[in-house]
Amino acid sequence: VDPWVGDVTPDPAVTAAIEPFRTRLSMQLDGTIGVASNTLPRGSNVERLGEVAIGDLISDCMRTRYNTQIAFVNGGGIRAALPSTYAPMNRMLRRPAMGYAMGPPYDLVAGDIYEVLPFGNVVVTRTITGRLLYDVLERSVSMLPAAFGGFLQVSGIRFTYSPMMPAGMRVRSVTLTGGAAIARDNTAYTLATSDFTNTGGDGYTMLADGTGASRELMAAVVLECVRTRGGAMPTTDGRIAVAP
């Protein structure tokens with residue numbers, strides 16, 4: 001339910017009680033961390049059906065932070081567009097919402113990242129064999145054309161799949177970003193993903209083998225990455241493709 005604040009007269013006692021907390025939160029979450037050239041969309045299941053810019057950003061940030069060859073994040077864990085609906089107190093910022101300066105471009109704040117990744121998931125690093133990676137990617141595209149929260153946004157690899165094939169037989173090819181083919185064998189690669197996925201969430205039971213090192217809060221990793229980059233762009237590069 002979206003509240004229509006303009007139709008409600010605020011209760012002065014509640015407003016007074018909330019204000020100190022809002023002020024403290026603003027000190028942590030309202031600081032600008034960069035600029036988005038436009039909105040990085042999420043919603044209407046786009047992140048559960050195919051590659052999206054915000055998914056590329058999150059997975060790239062994890063891979064960069066831990067210097068792994070591969071990273072992936074489940075689309076269902078991405079809970080907001082960027083910029084999000086988070087409402088910083090500074091109304092001079094350029095934001096999509098009414099009451100702020102107009103954009104694009106848009107100013108990104110720390111609170112946006114915690115809207116995008118609100119679940120407190122932690123990054124896990126581990127190794128993954130080519131054989132296991134194929135199994136993971138088959139799971140990722142197994143529900144298409146239906147939207148699936150476990151659809152993976154990836155980094156460090158490019159893969160093609162055929163939605164016309166039976167589930168479990170859809171992945172046609174997988175390569176590292178540089179072009180080297182990944183075979184369905186026991187060659188090991190380094191991976192960063194979320195603790196949710198690594199413990200079997202969304203049906204990724206093949207990853208729930210008890211391996212992996214817990215790292216930092218995923219939101220903190222992405223926040224610092226966006227700050228270092230100076231922002232984000234709503235672009236994709238074709239790392240997930242439908243086979244002809």
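Reader: How much area does the chain expose, and what part of it do carbon and sulfur atoms supply?

Author: About 12,000 Å² is exposed, and carbon and sulfur atoms supply 58% of it. Accessible areas here come from the Shrake-Rupley method with a 1.4 Å probe, and for residues only the protein chains shown count as cover. This is a predicted model, in which local features need pLDDT of at least 70 and side-chain atom pairs count only at pLDDT 80 or more, while totals for chains, interfaces and linings use all residues. Residues are numbered from 1 along each chain as its sequence is written, and side-chain values use heavy atoms, with hydrogens and water left out.

Reader: What makes the chain as compact as a globular protein of that length?

Author: The chain has six helices and eleven strands, where helices (H or I, at least four residues) and strands (E, at least two) are DSSP runs numbered from the N terminus. Its radius of gyration, taken over C-alpha atoms, is 20 Å, close to the 18 Å that the globule rule gives for 244 residues, so the chain is as compact as a globular protein of that length. The globule rule is 2.2 Å times the number of residues to the power 0.38.

Reader: Why are α2 and α6 called roughly perpendicular?

Author: The axes of α2 (residues 53–66) and α6 (residues 218–229) cross at roughly 90° and come within 9 Å. Axes are lines fitted to C-alpha atoms, for helices over the stretch in contact, and angles run from 0 to 180 degrees between N-to-C directions. Angles of 65 to 115 degrees count as roughly perpendicular (under 35 is roughly parallel, over 145 roughly antiparallel, the rest oblique), so α2 and α6 are roughly perpendicular.

Reader: Why is Ile-58 called buried?

Author: Ile-58 has a relative accessible area of 1%, and buried means under 20%, exposed over 50%, partly exposed in between (1.4 Å probe, protein chains only). Ile-58 is therefore buried. This residue lies in helix α2 and touches, among others, Val-116, Met-218 and Val-222, not counting residues up to four places away in sequence; contact means heavy atoms within 4.5 Å.

Reader: What do Ser-44 and Asn-45 count as, exposed or partly exposed?

Author: Ser-44 has 75% relative accessibility and therefore counts as exposed. Asn-45 has 34%, so Asn-45 counts as partly exposed. Ser-44 is in the loop between β1 (32–36) and α2, and Asn-45 is in the loop between β1 and α2. Phi is positive at about 55° for Ser-44, which is not a glycine, and near 70° for Asn-45, a residue other than glycine.
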